[in-house]
Amino acid sequence: MKEMKFHKASASAPGKINLVFAVGALGDDGYHEAHSLYLALNLRERVDVVGPADFGLSFRGDLPARHLASIPTNTDNLVVKAAKALAEHVGRTDYLDNIFGVYKTVPVAGGMGGGSADAAATLAALAAAWGVGHHPDQLAALAAKLGADVPFALYGGVANGVGRGDQISPLPAHQLPDTHWVLWLSDQGLSTPAVFARFDQMQIEAGGDPRAARDLPDLAAEFAAVNTASDLAAMMRNDLQAAAIDLLPELKYKIEHFEKLGALKAMVSGSGPTIAALCQSAEVAKRIADQLSHDGEHAIATTGPAEGTIIEDLETNEPDEGDFGLNHGAN
Ligand code: C5P
């Protein structure tokens with residue numbers, strides 16, 4: 001009897017925050033040197049793949065409907081680019097003959113790597129569906145071509161970024177206990193190039209030169225000495241924070257408000273506008289997130305470090321049965 005080559009698989013990957021973002025000189029290519037410390041969070045993006053079928057790509061999840069609706073569902077999406085890259089890598093052409101169902105928990109456009117996590121989860125899920133290797137080491141080179149944050153979503157944990165902050169290597173984090181976080185999201189966006197440009201401008205206003213060479217910290221060495229949440233709070237910093245606050249002054253209020261509510265340390269993550277607050281315990285994080293939500297704010301409690309890509313069980317871990325193929329078709 002002829003075997004039917006139907007496949008289905010599911011994988012998840014984590015979002016991230018930057019615990020440290022240290023900015024160096026502006027280069028001739030318009031990018032700044034940067035050293036960054038990444039933390040993967042237990043806010044996971046899950047991608048289910050079923051095929052062969054007419055192409056479909058749909059997004060659902062624990063996010064405001066307008067955020068989900070803002071995600072492109074055509075072949076420009078990083079999910080499809082990831083599928084195409086894997087297909088080329090293994091000598092297949094049928095990557096569009098699949099239905100991709102993405103279940104999101106990472107906020108959209110918050111600088112938390114949600115799109116990169118979608119790409120990483122797609123690589124792992126489709127590799128599992130096709131019966132090719134899905135270990136992060138087997139997918140890392142493909143992931144790097146899709147975007148700077150995609151390899152980190154494969155590995156998860158804690159990582160050190162050098163170069164433009166995007167040459168990433170995993171760091172051992174056994175000494176770090178689980179850490180508890182509250183993320184405070186903004187409805188107003190902040191553009192990454194605008195924040196970097198304001199950073200440069202502020203240096204000029206202070207008599208400095210954005211192109212002048214500056215020493216950047218060895219974050220791997222600093223992180224090796226972090227043993228507690230308080231140590232981590234003392235290490236956290238972001239050179240872009242002042243520029244982000246200058247462009248969006250409410251961020252300063254949010255940082256101060258977090259600290260009044262009892263967080264150990266609150267900070268703009270990356271170029272913002274998400275504010276990440278480290279808390280002493282799960283109880284404190286929950287209390288603060290509940291308080292902010294009660295006040296009508298968009299706040300999420302989560303933990304880290306989180307694992308990288310995980311192959312999920314499609315049968316038992318379906319968050320909400322049944323709507324594969326929503327937004328059906330390549331539009
Ligand atoms: O990496 P991405 O394309 O998101 O960067 C967007 C913009 O942010 C760049 O065009 C550049 O203006 C700025 N940037 C920078 N230095 C970095 C990363 C981004 O100046 N290390």
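The largest cavity of this predicted model is lined by Pro-14, Gly-15, Lys-16, Gly-113, Asp-149, Phe-152 and Ala-153. A cavity is here a set of points on a 1 Å grid over the protein atoms alone where a 1.4 Å probe fits but cannot get out, and lining residues have an atom within 4 Å of a point. Two elements, β1 (7–26) and α5 (150–155), give two or more residues each to this lining, and β1 gives the most, with three residues. Helices (H or I, at least four residues) and strands (E, at least two) are DSSP runs, numbered from the N terminus. By class, the lining has three nonpolar, two polar and two charged residues; Ala, Val, Leu, Ile, Met, Phe, Trp, Tyr, Cys and Pro count as nonpolar, Asp, Glu, Lys and Arg as charged, and the others, Gly among them, as polar. The volume of the largest cavity is about 30 Å³, where a volume is the space filled by probe spheres set on the points, and grid points are joined across faces, edges and corners. The count of cavities of 30 Å³ or more comes to one.

Five aromatic pairs are found in a search of the whole structure. Rings of Phe, Tyr and Trp (its six-membered ring) pair if their centres lie within 6.5 Å; planes under 30 degrees apart count as stacked, over 60 as edge-to-face and the rest as tilted. Trp-184 and Tyr-253 form an edge-to-face pair, at 6.4 Å centre to centre and 70° between the planes. This pair links strand β7 (residues 179–184), which holds Trp-184, to helix α10 (residues 250–261), which holds Tyr-253, across 69 residues. A second edge-to-face pair joins Trp-184 and Phe-258, with 5.4 Å centre to centre and 85° between the planes. Because Trp-184 lies in strand β7 and Phe-258 in helix α10, this pair ties together parts that are 74 residues apart in sequence. Trp-184, Tyr-253 and Phe-258 form one aromatic cluster.

Within the cluster, Trp-184 is buried at 2% relative accessible area, and Phe-258 is buried at 0%, whereas Tyr-253 is partly exposed at 47%. Buried means under 20% relative accessible area, exposed over 50%, and partly exposed in between (1.4 Å probe, protein chains only).

Elsewhere, the charged end of Arg-164 sits over the ring of Tyr-31, 3.5 Å from its centre (NZ of Lys or CZ of Arg within 6 Å of the ring centre and within 35 degrees of the ring normal).

Residues are numbered from 1 along each chain as its sequence is written, and side-chain values use heavy atoms, with hydrogens and water left out. In this predicted model, local features need pLDDT of at least 70 and side-chain atom pairs count only at pLDDT 80 or more, while totals for chains, interfaces and linings use all residues.

Definitions and conventions
1 Å grid on protein atoms, 1.4 Å probe; cavity = no way out; pocket = protein on both sides within 12 Å on 5 of 7 lines; lining within 4 Å.
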